[in-house]
Structure formats: structure tokens, C-alpha cells
Amino acid sequence: MSDILKSLEAPINENIPELRSGDIVNVHALVKEGERERVQQFKGTIIRVRNSGNNANFTVRRIASNGVGVERTFLARSPRVEKVVVERHSKVRRANLYFLRDRTGKSARLKQKFN
Amino acid sequence: MLKGLIGKKIGMTQIFDENGVALPITVIEAGPCYVTQVRNPERDGYSAVQLGFNEVHPKKLTGGQRGHLKSNDLPPLRYLREFRTKSPEVKVGEKLTVEEFELGERVDITGISKGKGFQGGMKRHGFKGGPKTHGQSDRHRAPGSVGAGSSPGRVHKGKKMPGHMGNVRVTSQGLKVVLVDAERNLIGVRGAVPGGKGGIVIVNGARKQ
């Protein structure tokens, strides 16, 4: 990419640590409710991380009520993402954990990684 | 008032606006442009302004181009384009920069679209092609009938057919200016702009508001 386009990128959010697929995270994102803004938390497993400048994003998957899977993709450099808290890492062998979409319950768990 | 610049397409990226919404933008390095000639109705039969862009080594230009620019004490400029305007209000030698454009303003951008080569009717004109099933063979992307029988007994002129696509002058109208960087002569508009990276584009004030 040209240097000019690079220079237009938004600054890196200091409140987002380095993220890996399989991390269990809590994303604090700003949502607009009528007139006022508040922070909404979204907790789940990162199933995909894309690093590409201003378009850097990551997808978090969580199981909502009734066992419905919900995935949300956040733009890592967006000012609407306040901070990301990594609660634990998982031992995974691939970059994109799409296989989690076909699994529920016990088989959808990931082994914790300690370091 | 003349509102126009010649520029070079840098490429596309996305930026965040004040609400945190990601905008797809095209970045253009526009200007500084010099007024190289003012055409008036008395002498030329129409009124327009000729602008020049991209200072280069004099050896890169032909003698005629050098002479044209030198007679007005202008630097050697590679690209010269005319802008039609009713009231020029500028003088030869004047320098125009991206500062004449403001954030939120609408502009028209003209460029040479990417060449696609010889293309079929589906890609070139959006034809639907033939049925995919029911015993069809060789008809999936065919253009279909091109006209009636012995009356008129010929194919109408201008009938849409396969042929060369792209590499023509295209104007994108009403693009919103979302970035102006006077220091680096950059202008950013929301959306796409005709042509590839490095292509020469013309930025004009919007015809339709």
C-alpha cells in the first residue's frame, strides 16, 4: 500500500491488546440509544482476526439465549470500540475457528492455554 | 467561478468520521495546478481555462509544450486540461490548490476507466444470458436474438452487442468531499472514482447539487 494511504490510518487503540483466535474476550463498545451513548459489553470467543491497517477487524462469537449463536465483527481502529479485555487464551491450531459454528455445548469448548 | 483541479488517483482506503462510522474513500493527489491559458469568446469562440499539473523535468516535454509554457513563465507541466467556465476570473500563472474545495462539498470526478478488453453482452450490458438448465448447451452467456426477420431485414444501429469495454472517459457525479489536506495536496471523496491507481483524474465542482 502506498505511504500516503498508510498515513491516513487512524491511530492504534491502546486499549486493545494483541488479539489471537480463540481468545475469550470482553469487548466494550459504544452504542447509541436515542440521544445518549453508553458502553455495551460483548463477551465471547474470537473466531477470526484480520490485520490490515484501517480495516483491521476481529469477529467475536458468543452463544446467546436459547443457544442461538451471535457473531459480531468489530473494527479494531474504530473510535466506537472503547477497550477489549482478554480473559483467557485458548489452545487452537488454526487461524479461523469457523468450525465452532457447527458445534454446540461441550464440543464447542476450547482448551485453555496458559503462558 | 472556476472550481477544478487535475490530480492523480492514489487509491482507496477507509476512514472514520466523527460518529465513528467507517467511510470508504478514494484519495486523490490534486494540484497544485497552474493556470496556463485563458480562452475567451472573442479570440477562441468559447470561454475556458487551461490548467497544468505535475511539474517534470523540461526534457520530458516536447518543444511545443515547453514553448507554450515558457511564454507565460510557467514551470514545465506534464498534464494540460481545459475546464469550461462562463466566468474565468483567474489569470495566467495563478496557482490553484485543494484549498478551493471544502469538506462536505459535492464534486464530479472524471477519469479514464480501467480497460476490460473484449467482453460479452452479460458483463458489458448486463444481459441475462440464457437458461442454465432445461437441456441448454452453449447458450448460457449468449446475447439472444439481435432483431426481427425480413422486416427490417437488418440489425439496428447501436444494438448492444459484445465488444470492447472500459478504457473510456467516465465521470462520477456528486461525490462528497470528506478529506482535504492542503499540506500534501490531498483530497478524499466518499466512494469510488474511475480508473486505476496512478490514473489522471479531473476534479470539478458538482454540476448537479
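Okay, a quick definition before we start: pLDDT is the predictor's confidence in each residue, on a scale from 0 to 100. We need that because what we have here is a predicted model.

So, how does chain B do on that scale? Its mean pLDDT is 89, and 100% of its residues reach at least 70. Within chain B, helix α2, residues 63-70, has the lowest mean of the elements at 85, while strand β8, residues 117-119, has the highest at 96. For the model as a whole, we get an ipTM of 0.76 and a pTM of 0.82.

Let's move to the fold of chain A. There's an open sheet of six strands, and if you walk across it the order is β4-β3-β2-β1-β5-β6, with antiparallel pairing. Which strands stand at the edges? Those are β4 (69-75) and β6 (112-113) of chain A. Each has a single partner strand, so one side of each is left without a neighbour in the sheet. A quick reminder on how this works: strands of a sheet pair through backbone hydrogen bonds, either parallel or antiparallel.

Now zoom in on one pairing. Strand β2 of chain A, residues 36-50, runs antiparallel to strand β3, residues 57-63, and five bridges join them. If you want a spot to click on, A:Arg50 sits opposite A:Asn57 in β3(A).

Staying on β2 of chain A, have a look at A:Gln41, which is part of that strand. Setting aside neighbours within four places in sequence, what does A:Gln41 touch? Its contacts are A:Asn26, A:Val27 and A:His28. Take A:Asn26: it is 15 residues from A:Gln41 in sequence, but their C-alphas are 6.4 Å apart in space. The side chains of A:Gln41 and A:Asn26 also make a polar contact of 3.1 Å.

Last stop, the interface. Between them, chain A and chain B bury about 1200 Å², with 67% of that on carbon and sulfur atoms. On the chain A side, A:Ile4, A:Leu5 and A:Leu8 lose the most area to chain B, together 46% of what that side buries. Helix α1 of chain A, residues 3-7, gives the largest share of the side touching chain B, with three residues. By type, that side of chain A has six nonpolar residues, five polar and two charged.

Counting both sides, 13 residues of chain A and 15 residues of chain B take part in the contact. And how many salt bridges run between chain A and chain B? Zero. There are, though, four residue pairs in polar contact between the two chains, both partners at pLDDT 80 or more.

Key
Residues are numbered from 1 along each chain as its sequence is written. Chains are lettered from A and ligands numbered from 1 in the order in which they are written. Side-chain values use heavy atoms; hydrogens and water are left out. Contact means heavy atoms within 4.5 Å. Buried area is the accessible area (1.4 Å probe) that two parts lose on being put together, summed over both. A salt bridge is a side-chain nitrogen of Lys or Arg within 4 Å of a carboxyl oxygen of Asp or Glu. A polar contact is a pair of N or O atoms within 3.5 Å; within protein, one must be able to donate a hydrogen and the other to accept it, and residues adjacent in sequence count only if both atoms are side-chain atoms. Helices (H or I, at least four residues) and strands (E, at least two) are DSSP runs, numbered from the N terminus. Ala, Val, Leu, Ile, Met, Phe, Trp, Tyr, Cys and Pro count as nonpolar, Asp, Glu, Lys and Arg as charged, and the others, Gly among them, as polar. Two strands pair if DSSP finds at least two bridges between them.
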